[in-house]
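Let's take a walk through a protein together. Have the sequence and the 3D view ready, and find each residue as it comes up.

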Amino acid sequence: SSRRASELGLDVEDGEEVPAQEAPRGADQVPEAAKVLSNRSACFSKLGDFQASLADARRALAIAPRWAKPWGRAGAAAWQLGGDSRAEAVEAYEKAVELDTTSAHVASLQAAVWGHRGES
């Protein structure tokens, strides 16, 4: 992994614990490591690597669980993985909406809930 990733503590192995930090009050108060992981999650999603995207979103959530953005990223990745991951997507979108009621989060939750109901 890169030197910058190591400096931020992002060179952890899958399943390794990342210490949670104080709940951020705004994006400017989100720990840098969580921002990098959330952004990398978005990049993996754009590349179609939803497993890696979900893994990074989960790592970002371990660091900043009260920041809505990685919840939305986790929801998007889990939704794309399909199958049993769809329930996790709905839960992640619900948490994103709970933390930040922007229209994008609400629309994603709405689509996930309707899609999840259609699969049941």
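**Starting from a buried serine**

Ser-38 has a relative accessibility of 0%, so it counts as buried. Keep in mind that what you're looking at is a predicted model. Ser-38 sits in helix α2. What does Ser-38 touch, once you leave aside its neighbours within four places in sequence? The list is Ala-60, Trp-67, Lys-69, Pro-70 and Arg-73.

Now slide along the helix to Ser-41, another residue of α2. Is Ser-41 buried or exposed? Its relative accessibility is 0%, so Ser-41 counts as buried. Apart from neighbours within four places in sequence, Ser-41 is in contact with Ser-53, Asp-56, Ala-57 and Arg-73. Arg-73 may ring a bell, as Ser-38 is in contact with it too.

One more stop in α2 is Ala-33. With a relative accessibility of 11%, Ala-33 is under the 20% cut-off, so this residue counts as buried. Try finding Arg-59 from here: Ala-33 and Arg-59 lie 26 residues apart in sequence, and their C-alpha atoms are 9.2 Å apart in space.

Time to zoom out. How many helices and strands does the protein have? There are six helices and zero strands, so if you read the elements off from the N terminus, you get α-α-α-α-α-α. The protein has 120 residues, and 38% of them are buried. Its exposed surface comes to about 7,000 Å², with carbon and sulfur atoms supplying 48% of that. Next, take the contacts in the protein with a separation of 6 or more: 54% of them are between residues 24 or more positions apart.

Let's see how some of these helices pack. When two helices are packed, you describe the pair by the angle between their axes and the distance between those axes. We'll use that recipe for three pairs, each with α4 as a partner.

First up are α2, which covers residues 32-46, and α4. Their axes come within 10 Å and cross at roughly 25 degrees. That angle makes α2 roughly parallel to α4, and the crossing is left-handed. On the α2 side, the residues in the contact are Ser-38, Asn-39, Ser-41 and Ala-42, and they meet Lys-69, Pro-70 and Arg-73 in α4. Sort the residues of this contact by class and you get two nonpolar, three polar and two charged.

Next, bring in helix α3, residues 50-63. The axes of α3 and α4 come within 8 Å and cross at roughly 155 degrees. Angles over 145 count as roughly antiparallel, so α3 and α4 are roughly antiparallel to each other. This crossing is left-handed. From α3, Phe-50, Gln-51, Ser-53, Leu-54, Ala-57, Ala-60 and Leu-61 take part, and the residues they meet in α4 are Pro-70, Trp-71, Arg-73, Ala-74, Ala-77, Ala-78, Gln-80 and Leu-81. By class, this contact has eleven nonpolar residues, three polar and one charged.

Pick out Leu-81 for a moment, over in helix α4. How much of Leu-81 is accessible? Its relative accessible area is 31%, so Leu-81 is partly exposed. Beyond its neighbours within four places in sequence, Leu-81 is in contact with Phe-50, Gln-51 and Leu-54. Phe-50 is 31 residues away from Leu-81 along the chain, and the C-alpha atoms of the two are separated by 6.4 Å.

Our last pair is α4, residues 68-81, with α5, residues 85-99. These two pack at an angle of about 160 degrees, and their axes are 7 Å apart. The angle makes α4 roughly antiparallel to α5. Once again the crossing is left-handed. The α4 residues in this contact include Ala-68, Trp-71, Gly-72, Trp-79 and Leu-81, while the α5 residues include Ser-85, Arg-86, Val-90, Tyr-93 and Leu-99. Altogether, the residues of this contact divide into 13 nonpolar, three polar and three charged.

To finish, go back to Ser-38 in your 3D view. You can now place this buried residue in the contact of α2 with α4, and then follow α4 on to its contacts with α3 and α5.

Notes
Residues are numbered from 1 along each chain as its sequence is written. This is a predicted model: local features need pLDDT of at least 70, side-chain atom pairs count only at pLDDT 80 or more; totals for chains, interfaces and linings use all residues. Side-chain values use heavy atoms; hydrogens and water are left out. Axes are lines fitted to C-alpha atoms, for helices over the stretch in contact, and angles run from 0 to 180 degrees between N-to-C directions. Helices (H or I, at least four residues) and strands (E, at least two) are DSSP runs, numbered from the N terminus. Angles under 35 degrees count as roughly parallel, over 145 as roughly antiparallel, 65 to 115 as roughly perpendicular and the rest as oblique. A crossing is left-handed if the near helix is turned anticlockwise from the far one by less than a right angle, and right-handed if clockwise. Contact means heavy atoms within 4.5 Å. Ala, Val, Leu, Ile, Met, Phe, Trp, Tyr, Cys and Pro count as nonpolar, Asp, Glu, Lys and Arg as charged, and the others, Gly among them, as polar. Buried means under 20% relative accessible area, exposed over 50%, partly exposed in between (1.4 Å probe, protein chains only). Accessible areas come from the Shrake-Rupley method with a 1.4 Å probe; for residues, only the protein chains shown count as cover.
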